[in-house]
Amino acid sequence: MLIKFILFQLVILLPFCAGMVFKKRFSDIRETSRRLIRANLVTIEPIVVLWSVWGLELSGDLAVLPAAGLVLVLAGIPLGFLFASALKLGKERRLTFVMSASLSNHGFTLGGFLCYIFFGERGLGYSFIFISYFMPYVFLFIFPAARALSKHALLGKEPFWRYTFNLQNMPLFAVFFALALRLCGLPRPKVSFPVDLFIMVSVGIYYFSLGINFKAGEMKSLLPEFGYFSLIKFLLLPLATGLALRAVRLDPLAESVIMLQSFMPAAIYSVVVSVLFELEEKLASGLFVLSTIAFMTVVLPVIFFLKPWSWL
């Protein structure tokens, strides 16, 4: 496990540092980042999702996973409003803070990868079932709320289907396709598949993209917001999750996946929402970057040694 932990750190830190070093070689950083992420979402990640979920044994217990994911992101909303009020943030800054507090990196870039590191391929499959709440939540709740509350409604100029039936949602489609294969009784082929290699390449691409976008000088002014944000992501949500899981007994692996996912930092989609609706992009980007760095350097080592799911 220690070797896996070290490998995990290297798979993230090396591409991140490489992105910081080579960022000056790109004339349009935002466009380069967009293309890298889109290529990953359309090619590598759907393959890993399909393979992992296809190998699961389906049971009624799996239905609790997306429900738990939805509860976690909904719980971030009142906490976000509470601390945004304490910070006395303006309307658009408050909305950005709340949405960042709600959306967490439960997916392949962090939560799913960690589920694989700690719980193996079956844990990875469970994590993809867990994240299936995400796109319906974003498109049916987050986008409409942002459109209604922001002063610029960019999404309103485009048809809804363009954002829903989009190639960038291929990982979500892969979940449903894999479940359909299982329900039809089609077993996964018994062949060797390089899951580790695909995962490392995919995660490396994501964090290289994060590295080329990182601007250390812009982070200092966000420390007050980040302090409150950390309380939500790394203390209050995990604590509430642990208490809830002790009150209801689930499949042990499902409990472990939910507990681990409750510690995840901000999601990249909080930045996407801020860009689409012209909210506080700098705040969303800063919270995403700072919470990811804090998770990697402080929270993850604590999780690795204490294994909080073992307390349930």
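At 5% relative accessibility, Glu255 counts as buried. In this predicted model, Glu255 forms a salt bridge with Arg249, and the closest N and O atoms of the two residues are 3.3 Å apart. Arg249, in contrast, counts as exposed, because its relative accessibility is 54%, above the 50% cut-off for that class. The pair thus joins a buried residue to an exposed one.

A search of the whole structure finds four salt bridges. Besides the pair of Glu255 and Arg249, Arg93, Glu225 and Glu280 are linked in a network of such bridges. Within this network, Glu225 forms a salt bridge with Arg93, with 3.2 Å between the closest N and O atoms. This pair connects distant parts of the chain, since Glu225 belongs to helix H10 (residues 223-247) and Arg93 to helix H4 (residues 91-102), 132 residues apart. Glu280 also forms a salt bridge with Arg93, and here the closest N and O atoms are 3.4 Å apart. Glu280 lies in the loop between helix H12 (268-276) and helix H13 (281-306), whereas Arg93 is in helix H4, so the pair ties together parts that are 187 residues apart in sequence.

The members of the network are covered to the following extents. Glu225 counts as buried because its relative accessibility is 8%, under the 20% limit. Arg93, at 21% relative accessibility, counts as partly exposed. Glu280 is likewise partly exposed, with a relative accessible area of 27%.

Helix H4, which contains Arg93, has 12 residues and reaches 17 Å from its first C-alpha to its last, close to the 16 Å expected at 1.5 Å a residue. The helix is mostly covered, as nine of its 12 residues are buried. The buried positions of H4 are Glu92, Leu95, Thr96, Phe97, Val98, Met99, Ser100, Ala101 and Ser102. Ahead of this helix, Lys88 is placed in the loop between helix H3 (64-87) and H4. The phi angle of Lys88 is near 55°, a positive value in a residue other than glycine. Lys88 counts as exposed because its relative accessibility is 75%.

A positive phi is also found at Lys307, where the angle is about 45° although the residue is not a glycine. Lys307 lies in the segment after H13 and, at 28% relative accessibility, counts as partly exposed. Gly185, just after H8, takes a positive phi of about 80°.

Helix H8 itself (residues 170-183) agrees with the expected span: at 1.5 Å a residue its 14 residues should cover 20 Å, and its end C-alpha atoms are 20 Å apart. Buried residues in H8 are Pro171, Leu172, Ala174, Val175, Ala178 and Leu181. An α-helix has 3.6 residues a turn, so residues three or four places apart point the same way.

Gln261 is found in helix H11. With a relative accessible area of 1%, Gln261 is buried. When its neighbours within four places in sequence are set aside, Gln261 is in contact with Leu72, Asn105, His106, Gly111, Gly112, Cys115, Ser127 and Phe130.

On the surface, Leu7, Leu197, Met200 and Val201 make a nonpolar patch of about 310 Å². Helix H9 (residues 195-213) gives the most to this patch, with three residues. Val201 is found in helix H9 and counts as partly exposed because its relative accessibility is 37%.

The confidence of the prediction varies along the chain. The mean pLDDT of the protein chain is 84, and 92% of its residues reach 70 or more. Among the elements of the chain, helix H11 (residues 252-261) has the highest mean pLDDT, at 96, and helix H7 (residues 160-164) has the lowest, at 56. Where pLDDT is low, the predicted coordinates should not be read in detail. The buried residue Gln261 belongs to helix H11, the element with the highest mean value.

Definitions and conventions:
Residues are numbered from 1 along each chain as its sequence is written. This is a predicted model: local features need pLDDT of at least 70, side-chain atom pairs count only at pLDDT 80 or more; totals for chains, interfaces and linings use all residues. Side-chain values use heavy atoms; hydrogens and water are left out. Patches are made of residues with over 30% relative accessible area and no salt bridge: like charges are joined within 9 Å, nonpolar side chains (Val, Leu, Ile, Met, Phe, Trp, Tyr) within 5 Å. Accessible areas come from the Shrake-Rupley method with a 1.4 Å probe; for residues, only the protein chains shown count as cover. A salt bridge is a side-chain nitrogen of Lys or Arg within 4 Å of a carboxyl oxygen of Asp or Glu. Helices (H or I, at least four residues) and strands (E, at least two) are DSSP runs, numbered from the N terminus. Buried means under 20% relative accessible area, exposed over 50%, partly exposed in between (1.4 Å probe, protein chains only). pLDDT is the predictor's confidence in each residue, from 0 to 100. The expected span of a helix is 1.5 Å times one less than its number of residues. Contact means heavy atoms within 4.5 Å.
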